[in-house]
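Open the model in your viewer and set it to cartoon, with side chains ready to switch on. The stops below are meant to be selected one after another.

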Amino acid sequence: MIPRIHKRGKRTIGLLYYLYGPGTHEEHTDPHLVAAWDSLAPDPGRDPHTTYADLQRLLDQPVDAKGEQRPKRHVWHLSVRAAPEDPVLTDEQWGEIARRMVAATGIAPERDSAGCRWAAVRHADDHIHIIATLAREDGRSPRLDHDAARAQAEARRIEADYGLRRLNPGDGTAAQRPTSAERHKAARDNRQRTPREELRETVRQAMAGSVGEGEFFDRLAASGLLVRLRTAPSGDLLGYTVALPDDLNGSGEPVFYSGSRLAPDLSLPRLRKRWPGTTTAEGTEEPPPRGARPAVGPAAARRGAAGAVWQAVLVVDRGDDTEVAAQLAAAGEVLDALATTSAAHTRQHLREAAFLFERATRSHIRAAQAHDQALRKAARDLVRGGPALGRGEDGATTAMVIDMVFFLALAAAHWHARKGHTQQAAAAEKTAEHLRAAYQEAARHPLGALHARALRLSPALRRQQAALVQAAVPELAERVLAEASWPALAATLADAQAAGYDPAVLLARAAVRRELDTADSISDVLVWRLRRMARLPADTTMLPPASTPATPAARPPARTPGSGPDQRSSAR
């Protein structure tokens, strides 16, 4: 159940005309009262001899009695909407819900006969509107401090009492939801999302991995948005607004939104805190010059991102709360970058994952920005690496990084749940569902190549790899050897051995890491962990058979996964 307190108004009659009228799109049906401050209150929807003005005069009587002391905006408006999967409630049930809401918010407290006058109008199956006038019968003003929070708390109790869908309580850090007018306008324009949501997504994508204001605003302009900059008389930049070129108001002008109206962390001051800087001789902060870092290819960017994401998983598992908050905010940038640079067959699920994870990137815990640089660099490399192909090393490393981000989303869900962040935890769980679907699409071809590669292993080598699994991870061996992806893991172990690694040590270290019990396929997870830890090619299509021994000149010296440049990421 979703209660929403609307902006206060000046004209009681104007809101009554809307509530009893046909609606903006003829969506109002059978408008009528379900409850009011007085059981004998007139109902223009059911009594043909009653006018809107009759009800308006009664509602406004306490306000008019205050004379010059009447509030300038005296009309209070609350809508209460049921979830789509909830059953259709009766008028009596909606009436009781209305009485509970006006009592909880302070409009008409329970057992207080001098409360404000109010009326609840139903003009659809799934919601009601409550109109109240802000003057009590005793002439005092109602106490409406935190009325929105109290309405939300009462909604949670109503859900439990009526057996309705239990929504997650918020903490005030969510982005503003689209208004009903915005949703209706989007439906008229055949948009899947409202302009507010489209702009939020585009601005987040422009932010992903950017190094400063110049690059950020360049990306916004390149995306096709209209951008306005707000400057002080001194010329200093104070803020920005953005608009879609085809989203126009009634006067034919673009509808602009400031960054803070899109999401709390998209205001210019909040963005500036996330851009890295270097201290100049004068003590001011300036971003590094654009183009200072060499661009990397899509596959290298994905492999690097997989390592950075895995380090973030370890931080979320055991780090300080401020560090975790920074990692999750930067992880949102990685997802935004993946969504814009991945191939078509994974893009939609990645886009949905990024859209959902946005809610998991914010809480009241202040982020320690110094701890987000590895993930922000990963996002920057993904963007600068350019679009990835859906095949070859690009496609295979896409599966690798999605696998890692999936576990980060699960770790985020667990952390938020421990902190009581119910909305964020739910968002992270839904993110993981889309990441699982994206992974299945991305991994189909590279895992198929590994399966084919495994078929070329000699029987003796296959038996050797099975014995290795039983010895290195006896608690997982039975499940791993029965999985459909076991041949891909066998081929990967053979590749690691051919590259000079001790596959038993490599496997043991990969298997002790967290979250294996949540995987659909342990073998899949171990494949990508091993290929990243041992720096093996993710795409094996063009490699020689794993059973072919390396020549003496090409065979690297024996090594463990703790050696070389990947030491930090494989130390656990």
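The tour goes from the whole chain to strands, a helix and some single residues.

**Whole chain.** Keep in mind throughout that this is a predicted model. With everything selected, the protein chain shows 20 helices and ten strands. Along the principal axes, its C-alpha atoms fill a box of roughly 100 × 60 × 40 Å. Of the 572 residues, 51% are buried. The accessible surface is about 26000 Å², and carbon and sulfur atoms account for 52% of that surface. If you colour by charge, you will find 78 positive and 70 negative side chains, with the centres of the two sets 5 Å apart. Taking contacts between residues at least 6 apart in sequence, 73% link residues at least 24 apart.

**Strand 5.** Select 127–136, which is strand 5. How many of its ten residues are buried? The count is ten of ten. Both faces are covered: one side carries H127, H129, I131, T133 and A135, and the other carries I128, I130, A132, L134 and R136.

Now add the partners of strand 5. Strand 3, residues 75–81, runs antiparallel to strand 5 and is joined to it by seven bridges. Strand 4, residues 116–122, is also antiparallel to strand 5, with six bridges. Strands 4 and 5 make a hairpin, with four residues between them. I128 is a useful residue to centre on: V80 has I128 as its bridge partner, and so does R122.

**H146.** Move to the loop between strand 5 and helix 4 (147–162), where H146 lies. Its phi is positive, near 55 degrees, although H146 is not a glycine. For context, most residues other than glycine have a negative phi. Is H146 buried or exposed? H146 counts as exposed because its relative accessibility is 64%, and the cut-off for exposed is over 50%.

**Helix 7 and the sheet beside it.** Select 213–222, which is helix 7, and show its buried residues: E215, F216, F217, R219 and L220. What do these residues pack against? They pack against helix 6 (195–207), strand 6, strand 7, helix 9 (268–272) and helix 13. After helix 7 comes G224, with a positive phi near 95 degrees.

Strands 6 and 7 belong to an open sheet of three strands in the order 6-7-8, paired antiparallel. Its edge strands are strand 6 (226–231) and strand 8 (257–258), each pairing on one side only. Strand 6 pairs with strand 7 (residues 237–243) over six bridges. To see the register, pick L226, which stands opposite A243 in strand 7.

**S363.** Next, select S363 in the loop between helix 12 (344–357) and helix 13 (373–385). With a relative accessibility of 16%, S363 counts as buried, since buried means under 20%. Which residues does S363 touch, leaving out those up to four places away in sequence? They are D171, T173, H421 and Q424. Closer along the chain, a polar atom of the S363 side chain lies 3.2 Å from the backbone nitrogen of I365.

**R535.** Finish in the segment after helix 20 (522–533), where R535 is placed. R535 has a positive phi of about 55 degrees and is not a glycine. Its relative accessible area of 32% makes R535 partly exposed.

Terms used. Residues numbered from 1 in each chain as written. Predicted model: local features only at pLDDT ≥ 70, side-chain atom pairs only at ≥ 80, totals over all residues. Heavy atoms only, no water. Helix = DSSP H or I, 4+ residues; strand = E, 2+ residues; numbered from the N terminus. Buried < 20%, exposed > 50% of the residue type's maximum accessible area, 1.4 Å probe, protein only. Polar contact = N/O pair within 3.5 Å; in protein donor to acceptor, adjacent residues only side chain to side chain. Contact = heavy atoms within 4.5 Å. Areas by Shrake-Rupley, 256 points an atom, 1.4 Å probe, with all protein chains shown as cover. Lys, Arg positive; Asp, Glu negative; His and termini not counted. Charge placed at Lys NZ, Arg CZ, Asp CG, Glu CD. Pairing = 2+ DSSP bridges.
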